[in-house]
Amino acid sequence: MKKKLLAAALLAAGTGMAHAQSSVSIYGLIDLGLTYYSNATKSGGGSASLLRMDSGIAQGSRIGFKGTEDLGGGLNAFFTLETGFGADDGSLGQGGLLFGRQSFVGLGSKQWGSISVGRQYDFMANIGGQYAMGALSPAGSLGWGLHADAAHGTALNNHIYGGDRTNNSIKYNSAKFGGLSFGAMVGLGETAGNNNAGRTVSAVGQYDSGAFSGALAYTDVKDSTGSFSTRIYGGGARYRIGAFTPFGVITQVKNTSTSAKATTYELGTVYALTPLWDLAAAYQFQKRNQAVGNAQALVATVDYKISRRTDLYLSAVYDRDKGYNAYPVFGGGIQSSTGNQSAVRLGIRHRF
């Protein structure tokens with residue numbers, strides 16, 4: 001009898017394992033193009049125009065691995081490992097980290113949502129990734145150019161649109177309840193005796209219903225001593241009206257130690273001219289306190305879809321900054337020698 005029960009148990013376990021499904025996929029994106037910058041600062045002083053090849057302007061060039069395993073009962077395990085690189089010179093991105101873009105593992109439920117741990121984006125990425133020109137068009141980094149700390153003259157966090165990657169983080173994303181979803185995240189500072197040092201807290205609430213989508217997000221990043229914070233608030237929305245998708249974003253970043261603050265507004269639209277051609281344009285305005293001059297930008301793109309995976313695009317931006325020298329490309333652009341600068345880019349993007 002014991003042998004029969006053991007055999008039945010092993011058979012049942014084996015059947016369950018046979019029905020479990022898992023998959024691993026390799027994916028990536030390569031973005032390359034030529035960018036022209038006006039008013040680039042010369043090493044010996046003065047300014048001149050500059051033409052250079054840039055990687056990862058529309059979207060960061062990357063290669064990644066994603067995996068899921070069906071655990072049964074509506075549960076699944078998942079992971080993502082993603083590395084960034086410069087396609088123009090083959091260098092690793094994110095300071096040379098092997099999986100600097102993302103690195104996390106988690107468990108998910110169709111009913112309750114998911115929880116994941118590792119290196120992940122905070123929830124400001126939900127705002128920039130869904131409701132801003134930099135993500136809704138191939139403008140990419142040309143659409144993230146209004147830095148709150150443009151010339152690094154303040155201690156503000158300039159990732160006011162796209163969010164920051166957070167190490168040692170625990171992140172929860174809920175399932176959708178009638179179009180409403182929410183999330184919360186904590187990044188552990190991992191400093192003995194000081195739980196506030198380097199800690200990150202982030203949260204989001206989002207509503208999706210048909211042609212409308214909107215979200216509010218909050219992130220608080222403590223400094224290395226835990227004595228002050230960089231606080232970021234954001235809200236965004238978009239609404240599809242036929243071929244038009246107008247969108248808007250408001251973000252604010254504040255340093256609790258210095259009270260330095262910058263508030264950025266963006267309004268724009270994407271227009272599907274044909275199934276193959278998209279046009280997009282946006283206006284951005286950034287207001288700063290403490291007598292630091294304001295900044296504004298105009299961004300426009302034309303996108304031609306050669307296929308589902310490949311597109312050619314032309315993008316342009318004009319920045320005017322009354323507080324710092326203009327700096328039209330987030331992350332790796334060319335700072336101007338004056339408060340004005342324009343950039344024009346012709347690029348190709350391929351997804352695999």
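A salt bridge is a side-chain nitrogen of Lys or Arg within 4 Å of a carboxyl oxygen of Asp or Glu. In this predicted model, a search of the whole structure finds 10 salt bridges.

**Figure 1. A salt bridge joins Asp31 and Arg345.** The closest approach of the two side chains, from N to O, is 3.1 Å. Asp31 belongs to strand E1 (residues 22-41) and Arg345 to strand E17 (residues 340-351), so the pair ties together parts that are 314 residues apart in sequence. Both Asp31 and Arg345 are buried.

**Figure 2. Asp54 and Arg52 form a salt bridge.** Their closest N and O atoms are 2.5 Å apart. Asp54 has a relative accessible area of 5% and is therefore buried, because buried means under 20%. Arg52, at 26%, is partly exposed.

**Figure 3. Asp220 and Arg231 meet in a salt bridge.** The N to O distance between these side chains is 2.9 Å. Asp220 lies in strand E10 (residues 212-222) and Arg231 in strand E11 (residues 229-239), 11 residues apart. Asp220 counts as buried at 3% relative accessibility, whereas Arg231 counts as partly exposed at 33%. Through salt bridges that share partners, Arg199, Asp220 and Arg231 are joined into one network.

**Figure 4. The side chains of strand E8 (residues 180-187) alternate between two faces.** Ser181, Gly183, Met185 and Gly187 point to one face and are buried. Leu180, Phe182, Ala184 and Val186 point to the other face and are not buried. Such alternation between the two faces of the sheet is found in a regular strand.

**Figure 5. Strand E8 pairs with strand E7 and with strand E9.** E7 (residues 165-173) and E8 are antiparallel and share five bridges; Ile170 stands opposite Val186. These two strands form a hairpin with six residues between them, and Gly178 in the turn has a positive phi of about 60°. E8 also pairs in the antiparallel sense with E9 (residues 200-209), over eight bridges. Among the residues of E9, Tyr207 is the bridge partner of Leu180.

**Figure 6. Helix H2 (residues 124-131) is largely enclosed by the rest of the structure.** This follows because six of its eight residues are buried. The buried residues are Met124, Ala125, Asn126, Ile127, Gly128 and Tyr131.

**Figure 7. Residues 1-18 have pLDDT under 50.** The model gives this segment zero contacts beyond four places in sequence. Where pLDDT is low, the predicted coordinates should not be read in detail. The protein averages a pLDDT of 90, and 90% of the residues score at least 70.

Conventions. Residues are numbered from 1 along each chain as its sequence is written. This is a predicted model: local features need pLDDT of at least 70, side-chain atom pairs count only at pLDDT 80 or more; totals for chains, interfaces and linings use all residues. Side-chain values use heavy atoms; hydrogens and water are left out. Buried means under 20% relative accessible area, exposed over 50%, partly exposed in between (1.4 Å probe, protein chains only). Helices (H or I, at least four residues) and strands (E, at least two) are DSSP runs, numbered from the N terminus. Two strands pair if DSSP finds at least two bridges between them. pLDDT is the predictor's confidence in each residue, from 0 to 100. Contact means heavy atoms within 4.5 Å.
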